[in-house]
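Biologist: I have a model open on my screen and would like to learn how to read it. Could we go through a few features together?

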Amino acid sequence: MVNSSAAGILLRFAALGLGAAVRGEAAPRVAQLHYRYAAMNSGKSTMVLQYRHTYAACGRTGLLLTRLDRAGAGIVSSRIGLAADAIEFEADTDLVHRVLSQSGARVDHVIVDEAQFLSPEQVDQLALLVDEHDIDVFTFGLLSDFRGEQFPGSARLVVLADVVEALQVYPMCWCGQPARMNARVVGGVMVRDGDTVVVGNTDEDAEVGYVVLCRRHHRAGEPYALNPLGVWEAASA
Ligand SMILES: [Zn+2]
């Protein structure tokens, strides 16, 4: 049986849309909060830099924010060699104040890399910039930490964002399966305890390293393939 009230609402939406189309009017554009996530080493920062470039090329004025990029403060860098200057946000940065106090042309969009380091309060501030100030916000980050638990900021983004998408570039575990999990490796051993934020790198010689693993090998605590001698070793070593 058709739910008549729901059908009526749908018809009214259709009529509204048709009316706008007949009059040749575009529906008013509404700013949105976007969240795109993936495991490490999946090209997030490369996409951030592409967004930055594309929007700037359209004449739009944006701010690029990041925190704790591997290349240092105030920079977004990608593993394929691209980089751009950025604003380093801190744990206590009021993002509403920071964005609205920017001198020069009105900021119409904000791009945030390393969005997993946003606090839930800062995610709320970004949502307020969208809703009350008509500023598009594009955030990119990791969904889960090395323990496989959501970063607090990422969890808040999943709740609040208008668009939540997994980046369609999956890095691979050493076994060849898609890698959805981030693992922290210290001295060649996968660890499951420690501070949520320890900046490291996916380079093999990093003191605190990160590898991306499939669920199975994250669960098993096997960051590398076993060589014939029964010793862990990086697949590419
Ligand atoms: Zn695996």
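Biologist: What covers the buried residues of H5?

Modeller: Happy to help, and please keep in mind that this is a predicted model. The cover of the buried residues of H5 includes strand S1 (33–37), helix H4 (120–133) and strand S7 (136–141).

Biologist: Which residues of H5 are buried?

Modeller: Helix H5 spans residues 152–160, and its buried residues are Gly153, Ser154, Arg156 and Leu157. They lie on the same side of H5 because they cover an arc of only 160° around the axis.

Biologist: Let's take helix packing next. At what angle do H4 and H5 pack?

Modeller: For a helix pair, look at the angle, the distance between axes and the handedness. Here the angle between H4 and H5 is about 30°, and their axes are 8 Å apart. The crossing of H4 past H5 is right-handed.

Biologist: Which residues make that contact between H4 and H5?

Modeller: From H4 come Pro120, Gln122, Val123 and Ala127, while H5 brings Pro152, Gly153, Arg156, Leu157 and Leu160. Sorted by type, the residues of this H4–H5 contact are six nonpolar, two polar and one charged. Gly153, Arg156 and Leu157 of this contact are also among the buried residues of H5.

Biologist: Now the strands. In what order do S9, S10 and S11 sit in their sheet?

Modeller: With a sheet, read the order of the strands, then find its edges. This open sheet of three strands runs S10-S9-S11, and the pairing is antiparallel. Strand S10 (189–191) and strand S11 (208–213) are the edge strands, since each pairs on one side only. On average, neighbouring strands in this sheet are turned by 45° against each other, direction ignored.

Biologist: How many bridges join S9 to S11?

Modeller: Six bridges link strand S9 (residues 181–186) with S11, and the two run antiparallel. To find your place along the pair, look for Asn182, which stands opposite Val212 in S11.

Biologist: As a biochemist I always look for cysteines. Where is Cys175 found?

Modeller: Cys175 sits in the loop between strand S8 (163–166) and S9. Cys175 counts as partly exposed because 13 other C-beta atoms lie within 10 Å.

Biologist: Which residues is Cys175 in contact with, leaving aside its neighbours within four places in sequence?

Modeller: Those contacts of Cys175 are Cys214 and His217. Sequence separation and distance in space are worth reading together. Cys175 and Leu213 are 38 residues apart in sequence, and their C-alpha atoms are 8.5 Å apart in space.

Technical notes. Residues numbered from 1 in each chain as written. Predicted model: local features only at pLDDT ≥ 70, side-chain atom pairs only at ≥ 80, totals over all residues. Buried ≥ 20, exposed ≤ 12 C-beta atoms within 10 Å, placed from the backbone. Helix = DSSP H or I, 4+ residues; strand = E, 2+ residues; numbered from the N terminus. Arc of directions from axis to C-beta. Contact = placed C-beta atoms within 7 Å. Pairing = 2+ DSSP bridges. Axes fitted to C-alpha atoms, helices over the stretch in contact; angles between N-to-C directions. Left-handed = near helix turned anticlockwise from the far one by under 90°. Nonpolar A, V, L, I, M, F, W, Y, C, P; charged D, E, K, R; others polar.
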